[in-house]
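Grab a pencil and keep the 3D view open while you work through these exercises. Try each task before you read its solution.

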Amino acid sequence: MSLMKDFKEFAVKGNVIDLAVAVIIGGAFGKIVESLVGDVIMPIVGAVIGKLDFSNLFIVLGKVPAGTEMTLAALKKAGVPVLAYGSFITVAVNFIILAFIIFMMVRMISKLKHAEPPAPPAPTPEDTVLLREIRDALKK
């Protein structure tokens, strides 16, 4: 029974729950970045460079069987070794964008944590202090 108690205590700690939420949000965020790269950035880069589809950039490293279509998917299906550098470019751009966004988030959180504490209130003017003392003396 002690094992179950220890596990329950471990599982309900704030850090574990925070980590679980971060993993779920990170997965969803990864899909957003993947869409941004695949649907927005790479087509623009492809239009500038001249190739619209980076996923079909590859170098054939082996013998291609007769009748096999010269597309990455067909070559992989046929078992032909290929160097799919277009896919690598897409994944690398994904990583750079995701790393930059995470860096900016961590930087912002760090600045919030280390923000200067608010300045103490200005000291009460001496004439106000004297008026309060007179008021308190008259009340007696």
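**Exercise 1.** Leaving aside its neighbours within four places in sequence, which residues is Pro65 in contact with?

*Solution.* A quick note on the ground rules: this is a predicted model, where local features need pLDDT of at least 70 and side-chain atom pairs count only at pLDDT 80 or more, while totals for chains, interfaces and linings use all residues. Residues are numbered from 1 along each chain as its sequence is written, and side-chain values use heavy atoms, with hydrogens and water left out.

Step 1: find Pro65 in the loop between strand 1 and helix 3. Helices (H or I, at least four residues) and strands (E, at least two) are DSSP runs, numbered from the N terminus.

Step 2: look for contacts, meaning heavy atoms within 4.5 Å. Setting those sequence neighbours aside, you'll land on Ala78 and Val80.

Step 3: check a distance too. Pro65 and Leu75 are 10 residues apart along the chain, and their C-alpha atoms are separated by 8.9 Å.

**Exercise 2.** Work out what Thr68 does with its side chain and which residues it touches.

*Solution.* Step 1: Thr68 sits in the loop between strand 1 (59-60) and helix 3 (72-77).

Step 2: follow its side chain, and you'll see that it reaches the backbone oxygen of Pro65 at 3.0 Å.

Step 3: skip residues up to four places away in sequence, and Thr68 touches Ala74, Leu75 and Ala78.

**Exercise 3.** Sort Pro65 and Lys63 into buried, partly exposed or exposed.

*Solution.* Step 1: get the cut-offs straight. Buried means under 20% relative accessible area, exposed means over 50%, and partly exposed is in between (1.4 Å probe, protein chains only).

Step 2: Pro65 has 37% relative accessibility, so this residue counts as partly exposed.

Step 3: Lys63, placed in the loop between strand 1 and helix 3, has a relative accessible area of 77%, so Lys63 is exposed.

Step 4: for a sense of distance, take Lys63 and Lys5, which are 58 residues apart in sequence and 60 Å apart in space, C-alpha to C-alpha.

**Exercise 4.** How many salt bridges does the structure hold, and which side chains meet there?

*Solution.* Step 1: you're hunting for a side-chain nitrogen of Lys or Arg within 4 Å of a carboxyl oxygen of Asp or Glu.

Step 2: the structure holds one salt bridge, and its partners are Arg135 and Asp136, at 3.4 Å from N to O.

Step 3: Arg135 is partly exposed at 44% relative accessible area, and Asp136 is partly exposed at 37%.

**Exercise 5.** Describe how domain 1 and domain 2 meet.

*Solution.* Step 1: the domain assignment, which is automatic or from a database, gives domain 1 (8-49) and domain 2 (52-118).

Step 2: their contact takes 12 residues from domain 1 and nine residues from domain 2.

Step 3: the two domains bury about 880 Å² between them, 86% of it on carbon and sulfur atoms. Buried area is the accessible area (1.4 Å probe) that two parts lose on being put together, summed over both.

Step 4: count the salt bridges between domain 1 and domain 2, and you get zero.

Note on methods:
A polar contact is a pair of N or O atoms within 3.5 Å; within protein, one must be able to donate a hydrogen and the other to accept it, and residues adjacent in sequence count only if both atoms are side-chain atoms.
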